[in-house]
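Please open the structure in your viewer and keep the selection tool at hand. The tour goes from one selection to the next.

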Amino acid sequence: MIGLILYIGTHAPSAGNLQEWEFVVVEEDDKKAALSAAALDLMHLKVAPAIIVICADVRKAALKYGKRGELVYAIEDASACATLMGLAANALGLGFDFVKGFDEDEVRNILNLPENLRPLILMPVGYSRGQKEERKINPFENITHVNSYDQKIDIDFEPVYNMIMDRVKKK
């Protein structure tokens, strides 16, 4: 399943199709414990069967796009990749998290990363042990505007829902 998650991630869009992401899959307990320590002692990093460390090759991004590639595009592209990986994990029934608060230099040392790879996201993956905490989502109607900031979006989902249900019933 980890391989499938990685494969799906590689289909993310990237600036100039650079695909400057690289992954380190961590399964060893001592390395997971060290990553946990580098990330404010988050327990789920220690107990997850695997941690996918999503890195960006900032040198590769900078070669084509200069400083903006290094500071913006590499991060955006790795984030798009991580999002697809999270969706894949969810579709496979796996729990996951995006841990972004960690000591980059410590993670770099733990994983023996070369200078050009910047670790951006620690993604623990595995079957959830307990009840998932319900996330409160800000309704998109509150944050979506049409043509200008002062025009709110107005969408009625009932016709779309009915169309989907009609198709499901026909099968």
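The stops below visit the nonpolar cores and then two loop residues.

This is a predicted model, in which local features need pLDDT of at least 70 and side-chain atom pairs count only at pLDDT 80 or more, while totals for chains, interfaces and linings use all residues. Residues are numbered from 1 along each chain as its sequence is written, and side-chain values use heavy atoms, with hydrogens and water left out.

Begin by selecting Ile 5, Ile 52, Ile 54, Met 85, Ile 121, Met 123 and Val 125, which have the most contacts inside the largest nonpolar core, a set of 21 residues. A nonpolar core here joins buried Ala, Val, Leu, Ile, Met, Phe, Trp, Tyr and Cys residues through side-chain atoms within 4.5 Å, where buried means under 20% relative accessible area, exposed over 50%, and partly exposed in between (1.4 Å probe, protein chains only). Next colour α1 (2-9), β2 (50-57), α4 (58-91) and β4 (117-126), each of which supplies at least two residues of this core; α4 gives the most, with nine residues. Helices (H or I, at least four residues) and strands (E, at least two) are DSSP runs, numbered from the N terminus.

Now select Met 85 alone: leaving aside neighbours within four places in sequence, Met 85 is in contact (heavy atoms within 4.5 Å) with Ile 5, Leu 6, Gly 9, Phe 23, Ile 52, Ile 54 and Met 123. Apart from the largest core lies another, of 16 residues, including Ala 39, Val 99, Leu 113 and Leu 122.

Move on to Leu 40, in the loop between α2 (29-38) and α3 (43-47). Leu 40 has a positive phi of about 60° although it is not a glycine, and at 72% relative accessibility it counts as exposed.

Finish at Asn 147, in the loop between α6 (140-143) and α7 (158-170), where the phi is positive, about 70°, although this residue is not a glycine.
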